[in-house]
Amino acid sequence: MATPIECDRAHTLEAVLIGTVDGSAGQAPAPPKPGSEGFQASYTACGKAVAGYVGGEWHTGLLGIDVRQPTSQAWQGGLRNYICSVVALSDAYGVKPGIPSCRAP
């Protein structure tokens, strides 16, 4: 479980969207796995939300996105929400820790 902090404090990622797994993926017996249609839908929604959050195309800004689906236990309990976060990269291969906010001014 993450602990929310102020935007001006050093952090690794920022939550941008809490989305819902919809349609047939939301009715499945387990959360979407990477590469599945349900996961791709979540990833696409996350990418759009991040683009709006940072004020433009995130692919060209050394930014990455992270989509966290519910755990199997939470899914069995009825949770269908995923968390979308944006992260600043130090280069094309790594996370840059301790970033200020990625949000567009």
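Two rings of Phe, Tyr or Trp (its six-membered ring) count as an aromatic pair when their centres lie within 6.5 Å. By that yardstick, a search of this whole structure, which is a predicted model, turns up zero aromatic pairs. The views below show what else is there.

**View 1. The whole chain, with three helices and four strands.** Follow the sequence along and the elements come in the order β-α-α-β-α-β-β. There are 105 residues in the chain, and 32% of them count as buried. Among contacts with a separation of 6 or more, 69% are between residues 24 or more positions apart. As for the surface, the chain exposes about 6,800 Å², with carbon and sulfur atoms supplying 57% of that area.

**View 2. The disulfide between C46 and C84.** Searching the whole structure gives one disulfide, and its two sulfur atoms sit 1.9 Å apart. Distant parts of the chain are linked here: C46 belongs to helix α2 (residues 37-54), C84 belongs to strand β3 (residues 81-91), and 38 residues separate them. The link is right-handed, with 75 degrees about the S-S bond. Are these cysteines buried or exposed? C46 counts as buried because its relative accessibility is 0%, and C84 is buried too, with a relative accessible area of 0%. The cut-off for buried is under 20%.

**View 3. The salt bridge between D66 and R68.** One salt bridge comes out of a search of the whole structure. Zoom in on D66 and R68 and you'll find their closest N and O atoms 2.8 Å apart. R68 has a relative accessibility of 53%, so R68 counts as exposed; the bar for that is over 50%.

**View 4. R80 over the ring of W75.** No aromatic pairs turned up in the search, but the ring of W75 does have a charge over it. The charged end of R80 sits there, 3.7 Å from the ring centre.

**View 5. L62, a residue other than glycine with a positive phi.** What is phi of L62 near? The value is near 50 degrees. Look for L62 in the loop between α2 and β2, the latter being residues 63-68. L62 counts as partly exposed because its relative accessibility is 43%, which falls between the 20% and 50% cut-offs.

Note on methods. Residues are numbered from 1 along each chain as its sequence is written. This is a predicted model: local features need pLDDT of at least 70, side-chain atom pairs count only at pLDDT 80 or more; totals for chains, interfaces and linings use all residues. Side-chain values use heavy atoms; hydrogens and water are left out. A disulfide is a pair of cysteine sulfur atoms within 2.5 Å. Helices (H or I, at least four residues) and strands (E, at least two) are DSSP runs, numbered from the N terminus. Buried means under 20% relative accessible area, exposed over 50%, partly exposed in between (1.4 Å probe, protein chains only). A salt bridge is a side-chain nitrogen of Lys or Arg within 4 Å of a carboxyl oxygen of Asp or Glu. Rings of Phe, Tyr and Trp (its six-membered ring) pair if their centres lie within 6.5 Å; planes under 30 degrees apart count as stacked, over 60 as edge-to-face and the rest as tilted. A charge sits over a ring if NZ of Lys or CZ of Arg is within 6 Å of the ring centre and within 35 degrees of the ring normal. Contact means heavy atoms within 4.5 Å. Accessible areas come from the Shrake-Rupley method with a 1.4 Å probe; for residues, only the protein chains shown count as cover.
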